[in-house]
Amino acid sequence: MTRELVYTGFMSLDGVVDSPGGESEGHRSGGWVMRTEFVPEAYSLKAEELADTTALMFGRRSYEVFAPIWPGSEDHAAYKNLPKYVVSTTLKDDDLIDDWGPITILRSVEDVAALKREEGGSIFIHGSAELARRLAEADLIDRYNLLVFPVLLGAGKSIFSREDRDELNLKLRDSATYSNGVAKLVYDVMR
């Protein structure tokens, strides 16, 4: 039995995942989630995930964005003492913050594959589009928990490769739609 690796995130209808809450990288529409009418039940997936999350995983850039904010955030208090993994070839142990639970640097996709083979529960990837794409290409992602927003951005990072590849089928585990146009889509990767 391997650990489940879950990508969770906000996504535009055209597949963009970066800059949902603020500053944009490579496109002019940062903060696109904040411009969608707030309907609390549309975010219920985030609360549901807490019961399944036994560890968090980030790419270096997402870690550097979340690490200064999440440790003191009441919204993320349940994550504080969970193990965290940062996949980076450049980050050093001295770069890690204190008081946010155990943090381990993984250097490669192979390190992530080895972690998945260990005993333990689900590991959730937050943000980290480039990491998620590399892990999907290596067939390491097991589930996608997506909140799809009714907006087209045209530019930005996607977790899905645009390269020609073998077909990969997904099975819908759960879905819901909300009055603000957001759709919850939870897919298991079929193997």
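**Close-up 1. Ser128 lies in the loop between strand E5 and helix H4.** The model shown is predicted, with residues numbered from 1 along each chain as its sequence is written, and local features are reported at pLDDT of at least 70, whereas side-chain atom pairs need pLDDT 80 or more and totals for chains, interfaces and linings use all residues. Side-chain values rest on heavy atoms, with hydrogens and water left out. Elements are DSSP runs numbered from the N terminus (helices: H or I, at least four residues; strands: E, at least two). Although Ser128 is not a glycine, its phi is positive, at about 55°. With a relative accessibility of 7%, Ser128 counts as buried (under 20% relative accessible area, against over 50% for exposed and in between for partly exposed, with a 1.4 Å probe and protein chains only).

**Close-up 2. Ser19 sits in the loop between strand E1 and helix H1 (44-52).** Here, too, the backbone is the point of interest. The phi of Ser19 is near 60°, a positive value in a residue other than glycine. Most residues other than glycine have a negative phi. The relative accessible area of Ser19 is 10%, which places this residue among the buried ones.

**Close-up 3. His126 of strand E5 is shown beside Tyr7.** The C-alpha atoms of His126 and Tyr7 are separated by 6.6 Å, although these residues are 119 positions apart along the chain. His126 is buried, its relative accessible area being 7%.

**Close-up 4. Phe58 and Trp70 form an edge-to-face aromatic pair.** Rings of Phe, Tyr and Trp (its six-membered ring) pair if their centres lie within 6.5 Å, and are called stacked under 30 degrees between planes, edge-to-face over 60 and tilted for the rest. By this rule, the count for the structure comes to 13 aromatic pairs. In the pair shown, the ring centres of Phe58 and Trp70 are 6.0 Å apart and the planes meet at 75°. Phe58 belongs to strand E2 (residues 53-59), while Trp70 lies in the loop between helix H2 (60-66) and strand E3 (84-87), so the pair ties together parts that are 12 residues apart in sequence. Phe58 and Trp70 are each buried. Ring pairs also extend the view to a cluster that links Phe58, Tyr63, Phe66, Trp70, Tyr79 and Trp100.

**Close-up 5. The largest nonpolar core holds 26 residues.** Such a core is a set of buried Ala, Val, Leu, Ile, Met, Phe, Trp, Tyr and Cys residues joined through side-chain atoms within 4.5 Å. The residues with the most contacts inside the largest core are Leu5, Tyr7, Met57, Val112, Leu135, Tyr144 and Ile159. At least two of the core residues come from each of strand E1 (5-12), E2, E3, helix H3 (109-117), strand E5 (122-126), helix H4 (129-137) and strand E6 (143-149). Helix H4 is the greatest contributor to this core, with five residues. A second core, separate from this one, has 16 residues, including Phe66, Leu82, Trp100 and Phe124.

**Close-up 6. The largest pocket encloses about 1,600 Å³ of space.** On a 1 Å grid over the protein atoms alone, a pocket is an open set of points with protein on both sides within 12 Å along at least five of seven lines, a cavity is a set where a 1.4 Å probe fits but cannot get out, and lining residues have an atom within 4 Å of a point. Points are joined across faces, edges and corners, and a volume is the space filled by probe spheres set on them. The lining of the largest pocket comprises 47 residues, of which Pro20, Val65, Phe66, Trp70 and Gly127 are the closest to its centre. Elements E1, H1, H2 and H4 each give two or more residues to this lining, and H2 gives the most, with five. The lining divides into 19 nonpolar, 17 polar and 11 charged residues (nonpolar: Ala, Val, Leu, Ile, Met, Phe, Trp, Tyr, Cys and Pro; charged: Asp, Glu, Lys and Arg; polar: the others, Gly among them).

**Close-up 7. The second largest pocket has a volume of about 160 Å³.** Its lining is made up of Arg133, Ala136, Glu137, Tyr144, Ile159, Phe160, Ser161, Arg165, Leu168 and Leu170. Helix H4 gives the most to this lining, with three residues. By class, the lining of the second largest pocket has six nonpolar residues, one polar and three charged.

**Close-up 8. The largest cavity has a volume of about 30 Å³.** A search of the whole structure finds one cavity of 30 Å³ or more. The residues that line the largest cavity are Ala136, Asp139, Leu140, Ile141, Tyr144, Leu168, Val189 and Arg191. This lining divides into six nonpolar and two charged residues, with no polar ones.
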